[in-house]
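Here's a quick walk through this model, taking one chain overall, then some strands, then the contact between chains, then a pair of helices. Have the structure open and follow along.

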Amino acid sequence: MLKRLRGAVVPILAILVSLLVLAPLIRIGGAGVMDGYRELLKSTFGSLVGLGSWLTASLPLILVGLGVALPYRAGLFNVGGEGQLITGALVGVYVGTSFEGGPGAFLLPMLGAFGAAACLGALAGWLKTRGMHEIVTTIMLNFVVLFLITFLLRGSLKEPGLPYAASRAVADGFRFHRFLDNKLPYGLIVTLVIVVAASWLTEYTRFGWRLRLLGLSDAVAERQGIDVKRTRIAALALGGGLAGLGGVVELLGNQYRLGANFSPGWGFTAIAVALLARGNLLVVLPFALYFGFLQNGEVRLQSILGLPGNLILILAASPVIIVAAVYGYQTFRRAVRVAPDA
Amino acid sequence: MGVATDAHTEAATKAQSTLVAASVRKHFGKVKANDGVDVTFKGGEVHGLLGENGAGKSTLIKCLTGVYRPDSGHFEVNGREVSFKNPVHSRQSGIAVVHQNSTLISRLSLIENVVLQEGRLGRITSNYAEQLVASGERLGFKVDPSARVETLSVGDRQRAEIARAFMHDAMFVILDEPTAVLSPAERESLFGLFTALTDRGIGIVFVTHHLSEALSQCTRTTVLRHGRVVGRLEEGHQVDEQELVRLIIGDAVDGEGPESAIPAGAGESLIRSPPAGASPGEGARVSVRSVSGAPSWGRRLFDISLEVRKGEVMGIAGVEGNGQREFSAMLTGAWRADEGEVTLDGEPLAEIPPRRRSELIGDVPDDHFLATCDSLSLWENLALSTFAWQEAPVPSGRSRHRRRAGELVDEFDIRTGSVNTPVNQLSGGNRRRVILARELCKHPILLVATYPTRGLDVRSAEQVIGYLRRLSAGGTSVVIFSMDLEEIIEVSDRVAVLSQGRITGILEADEISIVRIGSLMLTKAAAC
């Protein structure tokens, strides 16, 4: 247990450092340092509305974070979260606008979204077994999906009469109902269930062990009779599916429509989340919530203090850089001296 | 002590250089890897360094080469006290090392490897290629700097590493088990190189597990046990192998150290019960029918056909790199060749699901990186295949698996602080035992062992051979790959010879001899 906590020290320190770095930036931006921190905190913890919007905004990030972290455990880098998320949302829109829905009907678009996005992930996995690196293929598949959406939003998908390019809204019967004074969608509970299930799968099942073994050493995995190709495809498919769920949860719980600006880049932020969590699916949760918190504060910093929104980007990026540098240094040290730490 | 570079010794043709380790102490937690080691190495001599696995040889070498810093004690080079800050510093002080496992990157050319080791950023100003060739010439062999490492034979790689080590006018060269990977002919040429080096006044520190090599090659010998020096054989000192063995493993009755408590048949209780359906005697357990093909990571096998009977030990002789790794992967089902068929008890191996395959076949690969995961603990590595196929790695099973691992640690004499230790903190020999323990305890009906005794000291090697014998007596078929012909003759019922990806001959029990095997190892060219 203590050893596990030790792994979290570096990311948490990195986040604290990044928060310190914010101070001079707020100053340069022309606002009071303490005001800056206060507004950032207030944006989320100042009101029930803030709390609700924070959690709502974090849900897709949590799920896409899982979608990056799970393949990461198998030694694969899924950069395609963005495309997979939008694929999930797209399927959600088709299902959600074609039927009426009813109690428990949200499962249908979720299954569809998971399946479609899993196919997208599996495609990258299959290409990997044919010798194409998954980083390249997942990035490129992002563009395929993004352009497909752009194309569809100009034509069949767009709701006629809307002043901007967006689909029709999903039927009421599919939407997540809200609780906590109508501030929080039930998607939160669905998300938490998925987090637990996915981390159970990787940590405590035979399949999860094979997946992690593959991530630790493909040579050992192969010698243990593990089908490397199939496991890789499965890992990327599951990752894609989880990212797709992120899209559909956002769709059914928050936006209801698929527009051109559906995602603020969750698929990419998720990479940072998964890295900070070192691929641990349960740890994805707090880090995704932290990034959701930053995102939630952006508007307030801009509107009330007149600070540039890019500050939040710096705040989000710097711990990632710090952590990457520390891990890189540790790996380097290990390579230079093979001495055990004992 | 050992400071021999005074004026009067210069009467000799060349002042003798010395390298002294004085009271070197290095502890890892409770393990006293080096506990006050005093040794003097002299130029122009081959100094043997002997000891069991875990006796402290590797730690001493790592201290000498600046990888570890000793807790106390110091080193002297030609009478000047030095403490090596890092490997580069040690190299600059005239100490070269050639590690047991090649440190060359196989995808790169030799010269690229040299530049890499020099580790300088920016423009390369020195002509490393010239220096490398010159270094090889001084030692009496040719080096092609542009050759890609993967195209070189094991012996060539080793010579290249020695040439690289001598680019810096080294006074001492440490060779860590250099003969373990060499064919008999390559070994002889290495010993020829020894003479060339000592004639130039260079000191050789020679680590080996082969006592006959130590006796024939070394001027002086130091024996380590439990991190201490327990024997020094000076020049001209006559000993026989028996005496040396006693020095290395200690008197079985002197009650010193944990290993004396281990009975000769350790591991017996765990591997004695014969697996179900494994009656010894007639019938083919494995049959390989005209298998050809090449895995993505290895060389090609040509038309391999072989039958292994129930309860038989089939020895496969041949020099490493002739298809051993591919052959063993094919037998365990880890790799499936494009052509031909492998059957296990009549069932096509490819159709046996991985879970059952992992239960039926024990796999001890040549390289521990193929069988253990660095970052996992000892007990997790012991449960590696169980967790993959049989039993989910749920928290509630942990204490049971840890306890089981503790039993195996005792039975197989694995030296470790705890079952929670990551395997990369174990010595090579101990990692090997972890793999053997895991695979033997499966009660496999087939065990495929590639160089199972490599890197093990005399007694551990005997133990392993004992395990394999008992296993086969219980009805398990054993396929053992080895380069050590004496070992293979001792253990095998039949011997096949593998050369350049082909089986060049299969010898029945009454046909086996070193000469026959040796000549089959040489028939490689005929088939090509």
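## Chain B at a glance

Chain B holds 19 helices and 20 strands. Keep in mind that you're looking at a predicted model. Of the 528 residues in chain B, 46% are buried.

How do the contacts in chain B spread along the sequence? Take the contacts between residues at least 6 apart in sequence: 71% of them join residues at least 24 apart.

## Strand E11 and its two partners

Strand E11 of chain B covers residues 284–293, and it pairs with strand E12 of chain B, residues 301–309. The pairing is antiparallel and runs over six bridges. To find your place in it, click on B:Val291, whose bridge partner in E12(B) is B:Ile304.

E11(B) also pairs with strand E14 of chain B, residues 339–344. Here too the sense is antiparallel, this time over five bridges. Which residue of E14(B) stands opposite B:Ser287? That would be B:Thr343.

## Where chain B touches chain A

The contact between the chains draws 27 residues from chain B and 21 residues from chain A. On the chain B side, helix H11 (354–360) and helix H13 (384–390) each put in at least two residues. H13(B) gives the largest share of that side, with five residues.

What sort of residues does chain B bring to the contact with chain A? By class, its side has 18 nonpolar residues, seven polar and two charged.

## Two helices crossing in chain A

Now hop over to chain A and look at helix H3 (residues 48–73) and helix H4 (residues 81–98). A pair of packed helices is described by the angle between the axes and the distance between them. For H3(A) and H4(A), the axes come within 10 Å and cross at roughly 125°.

Why call H3(A) and H4(A) oblique to each other? An angle of roughly 125° lies outside the 65 to 115 degrees that count as roughly perpendicular and isn't over 145, the cut-off for roughly antiparallel, so the pair falls in the oblique class. The crossing of H3(A) and H4(A) is right-handed.

If you want to light up the residues that make this contact, select A:Pro60, A:Val64, A:Gly67 and A:Val68 on H3(A), then A:Gly81, A:Gln84 and A:Leu85 on H4(A). Sorted by class, the contact of H3(A) with H4(A) has four nonpolar and three polar residues, with no charged ones.

Conventions:
Residues numbered from 1 in each chain as written. Chains lettered and ligands numbered in written order. Predicted model: local features only at pLDDT ≥ 70, side-chain atom pairs only at ≥ 80, totals over all residues. Pairing = 2+ DSSP bridges. Helix = DSSP H or I, 4+ residues; strand = E, 2+ residues; numbered from the N terminus. Contact = placed C-beta atoms within 7 Å. Nonpolar A, V, L, I, M, F, W, Y, C, P; charged D, E, K, R; others polar. Buried ≥ 20, exposed ≤ 12 C-beta atoms within 10 Å, placed from the backbone. Axes fitted to C-alpha atoms, helices over the stretch in contact; angles between N-to-C directions. Left-handed = near helix turned anticlockwise from the far one by under 90°.
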